[in-house]
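Q: Got a minute for this model? I want to go through a helix with you.

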Amino acid sequence: MNFPALDLLSVETLNLDEFLGHLSMLSLSLLLSINTLQLFCTIPPKELRTLKSLLGKGQHMAASDTVPLLTPYKMGKFELSHRIVLAPLTRQRSYGNVPQPHAILYYSQRTSKGGLLIAEGTVVSDTAQGYPETPGIWTREQVEAWKPIVDAVHEKGGIFFCQIWHVGRVSNYNFQPNGQAPISCTDKPLTPQVRANGIDVVTFSTPRRLRTEEIPLVVNDFRTAARNAIEAGFDGVEIHGAHGYLIDQFMKDQVNDRTDQYGGSLENRCRFALEVVEAIVDEIGADRVGIRLSPYASYMESGDSNPEALGLYMVNALNKYGILYCHMVEPRMKAVGDKVEIPHTLLPMRKAFNGTFIAAGGYDREEGNKVISSGYTDLVAYGRIFLANPDLPRRFQLNAPLNKYNRDTFYIPDPVVGYTDYPFLESDSYTNNE
Ligand SMILES: Cc1cc2nc3c(=O)[nH]c(=O)nc-3n(C[C@H](O)[C@H](O)[C@H](O)COP(=O)(O)O)c2cc1C
Ligand SMILES: *[C@@H]1O[C@H](CO)[C@@H](O)[C@H](O)[C@H]1NC(C)=O
């Protein structure tokens, strides 16, 4: 955002509305900073009131055209122009684990100048797969295939992170090299799960428990994947530590039943995750590393008896590595009437974490604006509605209606349908509001 010099002379060169708009954006940004500052230190109440009322004056003048989600944010060395992040979304259209040219259009449609995008879960090795046609990043061919996709995002000014992923026991023999057993921290199998369509049942093979001395090899697969992601041009990586996949399997006490240094205590259960972080930080630098965690989730029978302790232990440990961001998933939303209620229980972790905080799960425009202006999070990641609205930041800016997402086409292999055919806003129908 460029502010005009706020001296009186420059007012003459702007029209009054424009000037008030800039002033109000500036006071909103300052207000946001003050709210965030308050989380970490105590501003005496009297000074705080004075500060806020001063800033509130500016805000009041043009409150209707300032959208907290659309304020800029500096994430490490990245200058983000707004707070709306594309959440990682598996689309299962990467035939033979190789990213395809149709992903160029898909990601560039969802790119805005200064916007952050997180690529779909991308598997780190041939043992890491559990779903058909998910992209990988362990072969030369895969790295080369990512390059034009990353280039297209950069051409439009986007910042692009690659989510690197190992499914662990959420797999079966058919996805594994030589039909071997999937690997995990445990040999406890997952019970068959009903697919999102409510009809298909997915079955999983009994996993093989990794031996202690094999674990560094898996850590190394993550390290190599991160190096490959940087080679493909990505700005950084997001370690997939959420949703019941391998890293989460180690962390959660419902799954991890090990008796070596990778199981038992909280410290031991988090060891694998932190070794992955350490290896990647060492390989590409902390300023390019994020991680996604879902301490409260119990997807894939991966729950924990004390999610808050787990989340807090992790963010405090992550602080020591100085990584760029922590991306946390809200507990499962509850439907209250026709509105989903977001539990907002991530605050202790947000307060303890020193880097950028991203929250995800069930957010809409209104909830997103609320959590940005209260300082609950720095950025908000949007999944389903960004999937269905390639121009989501623009729609939020204009408060325009949204396309509805179609669950039936989330995971079909079609290169267009449900993928690149969600419509943009008509270019001229909202110009009056801009
Ligand atoms: C089609 C689809 C694919 C997803 N794939 C991933 C994934 O690859 N990695 C991940 O961490 N989360 C994945 N998620 C979860 C989303 O990133 C997000 O957390 C979830 O959809 C909740 O956010 P929302 O309410 O904004 O959709 C996926 C969700 C959907 C609907
Ligand atoms: C995190 O930030 C707090 C507050 O600014 C500071 O006291 C602490 O030393 C930081 N931790 C690390 C590991 O950098």
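**Helix α10 and its surroundings**

Q: Which residue just after α10 takes a positive phi?
A: G322, at about 60°. Mind that this is a predicted model: local features need pLDDT of at least 70, side-chain atom pairs need 80 or more, and totals for chains, interfaces and linings use all residues. Residues count from 1 along each chain as written, chains are lettered from A and ligands numbered from 1 in written order, and side-chain values use heavy atoms, without hydrogens or water.

Q: How many residues has α10?
A: 15, from 307 to 321. From first C-alpha to last, α10 reaches 22 Å, close to the 21 Å expected (1.5 Å times one less than the residue count).

Q: Which of its residues are buried?
A: P307, L310, G311, M314, V315, A317 and L318. Buried is under 20% relative accessible area with a 1.4 Å probe, protein chains only.

Q: Why do they line one face?
A: Down the axis of α10, the buried residues fall within an arc of 165°, so they share one face of the helix. The arc uses directions from the axis to the C-beta atoms.

Q: What covers that buried set?
A: Among the helices, α7 (246-251), α8 (266-269), α9 (271-284) and α11 (347-352) take part. The strands β12 (289-293) and β13 (325-329) are included too.

Q: Now the whole protein. How many helices and strands?
A: 14 helices and 17 strands, as DSSP runs (H or I, at least four residues; E, at least two) numbered from the N terminus.

Q: And what share of the residues is buried?
A: 54% of the 434.

Q: What about sequence separation in contacts?
A: Take contacts (heavy atoms within 4.5 Å) between residues at least 6 apart in sequence: 71% join residues at least 24 apart.

Conventions
Buried < 20%, exposed > 50% of the residue type's maximum accessible area, 1.4 Å probe, protein only.
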